[in-house]
Amino acid sequence: VAVDPNVIPYGTKLYIVATDGTVYGYAIAADTGGFISSRPTNVDLNFATEAACKAFGRRNVIIYFL
């Protein structure tokens, strides 16, 4: 998951669920996406395929810090 390391430190273990109930699952804060600097409270989720990414789309999520 790409994050702003000033908000969520690298290596932080997360569990992510969209507000509509769709589960992304377990993740680790490990990267910084290009858009993160202008939106520090956003996260960029990683998917195995472009199709999976498009299917998930842009959603509001709840992040649980583990």
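Leaving aside its neighbours within four places in sequence, which residues is leucine 45 in contact with? Select leucine 45 together with Val1, Ile16, Tyr24 and Phe56, and you have the residues in contact with leucine 45 outside that window, where contact means heavy atoms within 4.5 Å. This is a predicted model, in which local features need pLDDT of at least 70 and side-chain atom pairs count only at pLDDT 80 or more, while totals for chains, interfaces and linings use all residues. Residues are numbered from 1 along each chain as its sequence is written, and side-chain values use heavy atoms, with hydrogens and water left out.

Stay with leucine 45, which sits in the loop between S2 and H1 and is buried at a relative accessible area of 14% (buried is under 20%, exposed over 50%, partly exposed in between, with a 1.4 Å probe and protein chains only). Add alanine 2, whose C-alpha atom is separated from that of leucine 45 by 6.6 Å, although the two are 43 residues apart along the chain.

Next, select aspartate 20 and arginine 59, whose side chains meet in a salt bridge at 2.9 Å, N to O (a side-chain nitrogen of Lys or Arg within 4 Å of a carboxyl oxygen of Asp or Glu). The pair links distant parts of the chain, aspartate 20 lying in the loop between strands S1 and S2 and arginine 59 in the loop between helix H1 and strand S3. Aspartate 20 is exposed at 52%, whereas arginine 59 is partly exposed at 28%.

Finally, move to helix H1 (helices being DSSP runs of H or I, at least four residues, and strands runs of E, at least two, numbered from the N terminus), where glutamate 50 and lysine 54 lie 4 residues apart, about one turn of the helix. Their side chains meet in a salt bridge at 3.0 Å, N to O.
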